[in-house]
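This report describes one protein chain, beginning with a single residue and moving outward to a helix pair and the whole fold. The sequence and structure are shown first.

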Amino acid sequence: MNSMFTKIVRRVLGCILLLFGLNILLPHPFIPLPELPQSAAAFMSSLAATGYLLKTVALLEILIGSLLLFNKWVAFSLILLAPISLNILLFHFFLDASGVAGALIVAVLNGILIYKYWSSFKSLFL
């Protein structure tokens, strides 16, 4: 579980989550937000209109990214991240295909780490 490859994947995924979580949460994004297609923009506007959902996801991304970077509760973090990365992937598959590469990176890195930490998840499937 602590091979150099696993450490690199864990740190890269942690950095990605931390950066994108902060980008959503901070009042002035430091990564410019791309122009979204109409359906994707309508979906994001409805999520933003709730007043809490995007902030909650951003806080979770920051928490998960920090836990991955500090190598704390990694298996728990990966379980929390699984539905988030799936939703990111599905959003880009169905609403904004231009960002699918980044979504695939997050999903693949999450999948690699779940595979590497599979011994921690075995008891969930017995």
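In this predicted model, Gly14 is buried, because its relative accessible area is 0%, a value under the 20% that marks the cut-off for burial. The residue belongs to helix α1, which covers residues 4-25. Once neighbours within four places in sequence are set aside, Gly14 is in contact with Gly65, Leu68 and Leu69. Pro34 follows Gly14 at a separation of 20 residues in sequence, and the two C-alpha atoms are 22 Å apart in space.

A second buried residue is Ser77, again with a relative accessible area of 0%. Ser77 is part of helix α4, residues 74-94. When residues up to four places away in sequence are not counted, Ser77 touches Ile64, Leu67, Leu68 and Lys72. Leu68 is thus named among the contacts of Gly14 and also among those of Ser77.

The table sets out the two residues.

| Residue | Helix | Relative accessible area | Contacts beyond four places in sequence |
|---|---|---|---|
| Gly14 | α1 (residues 4-25) | 0% | Gly65, Leu68, Leu69 |
| Ser77 | α4 (residues 74-94) | 0% | Ile64, Leu67, Leu68, Lys72 |

Attention now turns to the packing of helices. Helix α3 spans residues 53-69, and its axis comes within 10 Å of the axis of α4, the two crossing at roughly 135°. With that angle, α3 counts as oblique to α4. The crossing of α3 and α4 is left-handed. On the α3 side, the contact is made by Leu60, Glu61, Ile64, Leu67 and Leu68. Helix α4 contributes Val74, Ser77, Leu78, Leu80, Leu81, Ile84 and Ile88. By character, the residues of this contact divide into ten nonpolar, one polar and one charged.

At the level of the whole chain, the model has six helices and zero strands, so the order of elements from the N terminus reads α-α-α-α-α-α. The radius of gyration is 15 Å, close to the 14 Å that the globule rule gives for 126 residues, and the chain is therefore as compact as a globular protein of that length. Along the principal axes, the C-alpha atoms fill a box of roughly 40 × 25 × 25 Å. Buried residues account for 29% of the 126 residues in the chain. Of the contacts between residues at least 6 apart in sequence, 71% join residues at least 24 apart.

How values were computed
Residues numbered from 1 in each chain as written. Predicted model: local features only at pLDDT ≥ 70, side-chain atom pairs only at ≥ 80, totals over all residues. Heavy atoms only, no water. Buried < 20%, exposed > 50% of the residue type's maximum accessible area, 1.4 Å probe, protein only. Contact = heavy atoms within 4.5 Å. Axes fitted to C-alpha atoms, helices over the stretch in contact; angles between N-to-C directions. Parallel < 35°, antiparallel > 145°, perpendicular 65-115°, else oblique. Left-handed = near helix turned anticlockwise from the far one by under 90°. Nonpolar A, V, L, I, M, F, W, Y, C, P; charged D, E, K, R; others polar. Rg over C-alpha atoms; globule rule 2.2 N^0.38 Å.
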